[in-house]
Amino acid sequence: MIQPTCENPTGTINVTSPRGRKRKNTDRIGGAFQASPVFNNVMPGTYQVSVKVADECV
């Protein structure tokens, strides 16, 4: 995870799966679901991460 600094005010969030679980999830932090677990250029703040297993509930 890249933390924001004075020179670069944005960071990166990387969502990881629990051990032993094959990753077939989609993730979102306030927008549309995406296949990548990495969110780049995120402004400092608090985010709610939602994870949806392929074709299942959030």
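**Close-up views of a four-stranded model**

**View 1. Asn-41, an exposed residue in strand E3****.**
Asn-41 counts as exposed, because its relative accessibility of 61% is over the 50% cut-off. The model shown is predicted. Asn-41 belongs to strand E3, which covers residues 38–42. Its phi is positive, at about 55 degrees, although Asn-41 is not a glycine. With neighbours within four places in sequence left aside, the contacts of Asn-41 are Thr-10 and Gly-11. Pro-9 lies 32 residues from Asn-41 along the chain, and the C-alpha atoms of the two are separated by 8.4 Å.

**View 2. Thr-10, a buried residue in the segment before E1****.**
Thr-10 is placed in the segment before E1. Thr-10 has a relative accessibility of 12% and counts as buried because this value is under 20%. Residues up to four places away in sequence are not counted in the contacts of Thr-10 given here. On the N-terminal side, Thr-10 touches Gln-3 and Pro-4. Further along the chain, Thr-10 touches Asn-41, Val-42 and Met-43. Asn-41 thus appears in this view as well as in View 1, where Thr-10 is listed among its contacts.

**View 3. Thr-12 of strand E1 and its polar contact with Asn-40****.**
Strand E1 spans residues 11–14 and includes Thr-12. What joins the side chain of Thr-12 to that of Asn-40? The two side chains make a polar contact of 3.4 Å. Is Thr-12 buried or exposed? Thr-12 is buried, because its relative accessible area of 13% is under 20%.

**View 4. Ser-50 of strand E4 and Asp-27****.**
Ser-50 lies in strand E4, residues 50–53. The relative accessible area of Ser-50 is 12%, so this residue is buried under the 20% cut-off. Between Ser-50 and Asp-27 the C-alpha to C-alpha distance is 5.7 Å, with 23 residues separating them in sequence.

**View 5. The whole chain, for context.**
The protein has four strands and zero helices, and its elements run β-β-β-β from the N terminus on. Of the 58 residues in the protein, 21% are buried. Among contacts with a separation of 6 or more, 45% are between residues 24 or more positions apart. The exposed area of the protein is about 4,600 Å², of which carbon and sulfur atoms supply 53%.

**View 6. Confidence along the chain.**
The average pLDDT of the protein is 77, and 74% of the residues score at least 70. Confidence is highest in E3, at a mean of 89. It is lowest in strand E2 (residues 25–28), at a mean of 73. Where pLDDT is low, the predicted coordinates should not be read in detail.

Technical notes:
Residues numbered from 1 in each chain as written. Predicted model: local features only at pLDDT ≥ 70, side-chain atom pairs only at ≥ 80, totals over all residues. Heavy atoms only, no water. Helix = DSSP H or I, 4+ residues; strand = E, 2+ residues; numbered from the N terminus. Buried < 20%, exposed > 50% of the residue type's maximum accessible area, 1.4 Å probe, protein only. Contact = heavy atoms within 4.5 Å. Areas by Shrake-Rupley, 256 points an atom, 1.4 Å probe, with all protein chains shown as cover. Polar contact = N/O pair within 3.5 Å; in protein donor to acceptor, adjacent residues only side chain to side chain. pLDDT = per-residue confidence, 0-100.
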